[in-house]
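Here are a few short exercises to work through with a protein in front of you. Try each task yourself before you read its solution.

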Amino acid sequence: MNTIGLFSIERFEAVFNAAGGVDRVTGVTLNCGRCDRASTSDDHALVHLPGGTLVRCEHCGTHQAVSNAKIAEWDRQSTLEA
Ligand SMILES: [Zn+2]
């Protein structure tokens with residue numbers, strides 16, 4: 001399970017560059033540890049930061065910034081498990 005702050009990341013979608021890094025996160029589904037509800041953000045709902053992404057719970061507004069480099073590590077983990 002990938003976790004950041006209060007969030008457990010169920011799945012994510014991203015555009016990868018040729019080097020295997022994340023260019024842009026286009027969707028995140030997470031479980032919020034504060035209100036214990038699932039939240040899905042699509043490309044329009046996500047806030048894109050330089051080199052990272054701000055994910056938030058649509059129910060209680062808890063938010064967390066995560067670097068795209070960190071997200072790229074998640075993908076490698078899930079690839080190894082698959
Ligand atoms: Zn929440």
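**Exercise 1.** Write down the order of the elements of the protein, starting from the N terminus.

*Solution.* Keep in mind that this is a predicted model. Walking along from the N terminus, you meet β-β-β-β-β-β-β-α. Now count by type: there are seven strands and one helix.

**Exercise 2.** Find out how the radius of gyration of the protein agrees with that of a compact globule.

*Solution.* Start with the chain length, 82 residues. For that length, a compact globule would have a radius of gyration near 12 Å. The protein has 12 Å, so the two agree. For another view, take the principal axes: the C-alpha atoms fill a box of roughly 35 × 30 × 15 Å.

**Exercise 3.** What share of the residues counts as buried?

*Solution.* The cut-off comes first: a buried residue has 20 or more other C-beta atoms within 10 Å of its own. By that rule, 20% of the 82 residues are buried.

**Exercise 4.** Describe the open sheet that three strands form, and name its edge strands.

*Solution.* Begin with the order, which is 5-6-7, with antiparallel pairing. Next, look for strands that pair on one side only: these are strand 5 (47-49) and strand 7 (63-67), the edge strands. On average, neighbouring strands of this sheet are turned by 25° against each other, direction ignored.

Then zoom in on one pair. Strand 6 (residues 52-56) and strand 7 are joined by five bridges in the antiparallel sense. To place one residue, take V55: its bridge partner in strand 7 is Q64.

Key: Residues numbered from 1 in each chain as written. Predicted model: local features only at pLDDT ≥ 70, side-chain atom pairs only at ≥ 80, totals over all residues. Helix = DSSP H or I, 4+ residues; strand = E, 2+ residues; numbered from the N terminus. Rg over C-alpha atoms; globule rule 2.2 N^0.38 Å. Buried ≥ 20, exposed ≤ 12 C-beta atoms within 10 Å, placed from the backbone. Pairing = 2+ DSSP bridges. Axes fitted to C-alpha atoms, helices over the stretch in contact; angles between N-to-C directions.
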